[in-house]
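Trainee: I would like to go through this structure with you. Could we begin with its surface and then move inward?

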Amino acid sequence: MTLAASALGCAIAFGALALGAFQLPAGEVAALALGAGAAGAAGVAIWAGVRLRRWPAGKLAFFRDRMLVIQDRHEMRALWELMDSITLADPGSWPQIKMTDQVTISFRNEPPIRFKPARFGLEATSCRDMILRLRDDAPLRERLPEFDSARDLAASPVVAGERFEPRF
């Protein structure tokens, strides 16, 4: 986004300078050079815009105590300790097993979470294997960041300073 905006700004600036150079006597060479710069910046802006179009539609985040899946405006949280199974099989195809491109995470007392890793720029089997490894390997999860969201801070306010008298 930053690259597209700055390239578009450069294209506009170089284009304006090229028009200004055309107004000067013997300024055709400078106008040609500035016009080439404007065309190059416009090309970079178009290239960045095309790449933004292919940006993943959701976010997948891994924390010490949970996994977070955000698709459009829908947020799903999955605690590592509550996960029972992580599979690529279609849950409705039993007793035959039909593989899909959708990861299904089943929980003990909650409905399952289903998402397509391709929407996050990931390959389905690799994503499933990574989630399984993080679920089963607690020391590996300790290397992940702690979960911290504005909603959690709003639910439990931050207490700063001393709460006890006398102060330690």
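Trainee: How much area does the chain expose, and what share do carbon and sulfur atoms supply?

Mentor: The chain exposes about 11,800 Å², and carbon and sulfur atoms supply 61% of that area. Please keep in mind that this is a predicted model, and that the values are computed from it.

Trainee: And what percentage of the residues count as buried?

Mentor: Of the 168 residues in the chain, 28% count as buried.

Trainee: How many helices and strands are there?

Mentor: There are five helices and six strands. Along the sequence their order is α-α-β-β-β-β-β-β-α-α-α.

Trainee: What share of the contacts join residues at least 24 apart in sequence?

Mentor: The share is 49%, counted among contacts between residues at least 6 apart in sequence.

Trainee: Let us turn to the interior. Which residues of the largest nonpolar core touch the most other members?

Mentor: That core has 22 residues, and L60, F62, M67, M83, I105, F115 and I131 touch the most other members. The elements that give two or more residues to this core are β1 (58–62), β2, β3 (74–79), β4, β5, β6 and α3 (124–136). The largest share, four residues, comes from α3.

Trainee: What does I131 touch?

Mentor: Leaving out residues up to four places away in sequence, I131 touches F62, M67, W80, M83, I86, V103, I105 and F115. Several of these, including F62, M67, M83, I105 and F115, are also listed among the core residues that touch the most other members.

Trainee: Now the strands. How many bridges join β4 to β5, and in what sense do they run?

Mentor: Five bridges join β4 (residues 83–89) to β5 (residues 99–107), and the two strands run antiparallel. Within this pair, T87 stands opposite T104 of β5.

Trainee: Then what about β5 and β6: how many bridges there?

Mentor: Three bridges link β5 to β6 (residues 113–115), again in the antiparallel sense. I105 has I113 in β6 as its bridge partner. The connection from β5 to β6 is a hairpin through five residues.

Trainee: Back to T104. Is that residue buried or exposed?

Mentor: T104 lies in strand β5. T104 counts as buried because its relative accessible area is 4%, and the cut-off for buried is under 20%.

Trainee: Which residues surround T104 through contacts?

Mentor: Apart from residues up to four places away in sequence, T104 touches S85, I86, T87, A89, P91, P112, I113 and R114. T87, which stands opposite T104, is thus one of its contacts.

Trainee: I also noticed an arginine, R66. Where is it, and is it buried or exposed?

Mentor: R66 is in strand β2 (residues 66–71). R66 is buried, at a relative accessible area of 14%.

Trainee: What does the side chain of R66 make a polar contact with?

Mentor: The side chain of R66 makes a polar contact with the side chain of D65, at 3.0 Å. Beyond residues up to four places away in sequence, R66 touches A61, R77, A78, L79, W80 and F147.

Trainee: Changing topic to the helices: what does A41 contact?

Mentor: A41 is in helix α2 and is buried, with a relative accessible area of 9%. Leaving aside neighbours within four places in sequence, A41 is in contact with A7, C10 and A11. A41 and A7 are 34 residues apart in sequence, while their C-alpha atoms are 5.1 Å apart in space.

Trainee: And R51, how far is it from A4 in space?

Mentor: R51, also found in helix α2, is 9.5 Å from A4, C-alpha to C-alpha, with their positions 47 residues apart in sequence. R51 is partly exposed, at 47% relative accessibility.

Trainee: You mentioned C10. How many disulfides does a search of the structure find?

Mentor: The search of the whole structure finds zero disulfides. C10 is partly exposed, with a relative accessible area of 37%, whereas C127 is buried at 2%.

Trainee: One last point. What is the phi of A26, and where does that residue sit?

Mentor: A26 has a phi near 60°, a positive value in a residue other than glycine. A26 sits in the loop between α1 (2–23) and α2 (28–53). At 71% relative accessibility, A26 counts as exposed.

Terms used: Residues numbered from 1 in each chain as written. Predicted model: local features only at pLDDT ≥ 70, side-chain atom pairs only at ≥ 80, totals over all residues. Heavy atoms only, no water. Pairing = 2+ DSSP bridges. Buried < 20%, exposed > 50% of the residue type's maximum accessible area, 1.4 Å probe, protein only. Polar contact = N/O pair within 3.5 Å; in protein donor to acceptor, adjacent residues only side chain to side chain. Contact = heavy atoms within 4.5 Å. Disulfide = S-S within 2.5 Å. Areas by Shrake-Rupley, 256 points an atom, 1.4 Å probe, with all protein chains shown as cover. Core = buried A, V, L, I, M, F, W, Y, C linked by side-chain atoms within 4.5 Å.
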